[in-house]
Amino acid sequence: MRLTTTGGSIPGVSSPVMIPLTTVGSSFEARVLVARLGADGILTQIRGGGDGTYPLPGPVQVLVVVDQADEARELLMADQVEALFDDVGQETFEDI
């Protein structure tokens, strides 16, 4: 992973360049997505949606390290395809 900017909170430690991956409807959805990406070693960050005892509703942006963006997109696409096949399989069993 190539880090191109400096300015982290610890002198001499670079901050990774983060880019938007997707926007979800709530902080819960964002946390689930961040956990999924983190399980595969993808560094993430969340913006928006007020997080705390009483999180504010609204869109939450999920960001990833620029060098891991393609991998993150592929994981999300694979998860969506699997979910579609799961839905088709469940409908077929219910029709029987």
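Good morning. Helices here are DSSP runs of H or I with at least four residues, and strands are runs of E with at least two, numbered from the N terminus. On that basis, the protein chain in this predicted model has two helices and five strands. Along the sequence, these elements follow the pattern β-β-β-α-β-β-α.

Let me turn to the chain as a whole. Of its 96 residues, 22% are buried. The chain exposes about 6900 Å², and carbon and sulfur atoms supply 57% of that area. If we consider contacts between residues at least 6 apart in sequence, 60% of them join residues at least 24 apart.

I should now like to discuss two valines, beginning with V64. This residue lies in strand 5, which spans residues 60-65. Is V64 buried or exposed? Its relative accessibility is 0%, so V64 counts as buried. Leaving aside residues up to four places away in sequence, V64 touches V17, M18, I19, L21, L37, I42, L43, T44, A69 and A72. One of these contacts, V17, is 47 residues from V64 in sequence, while the two C-alpha atoms are 8.2 Å apart in space.

The second valine is V81, located in helix 2, residues 69-95. Its relative accessible area is 40%. Because the partly exposed class runs between 20% and 50%, V81 is partly exposed. Which residues join V81 in a nonpolar surface patch? They are M77 and F85, and the patch made by the three residues covers about 340 Å².

To summarise the pair: V64 in strand 5 is buried, whereas V81 in helix 2 is partly exposed. Thank you for your attention.

Methods
Residues are numbered from 1 along each chain as its sequence is written. This is a predicted model: local features need pLDDT of at least 70, side-chain atom pairs count only at pLDDT 80 or more; totals for chains, interfaces and linings use all residues. Side-chain values use heavy atoms; hydrogens and water are left out. Patches are made of residues with over 30% relative accessible area and no salt bridge: like charges are joined within 9 Å, nonpolar side chains (Val, Leu, Ile, Met, Phe, Trp, Tyr) within 5 Å. Accessible areas come from the Shrake-Rupley method with a 1.4 Å probe; for residues, only the protein chains shown count as cover. A salt bridge is a side-chain nitrogen of Lys or Arg within 4 Å of a carboxyl oxygen of Asp or Glu. Buried means under 20% relative accessible area, exposed over 50%, partly exposed in between (1.4 Å probe, protein chains only). Contact means heavy atoms within 4.5 Å.
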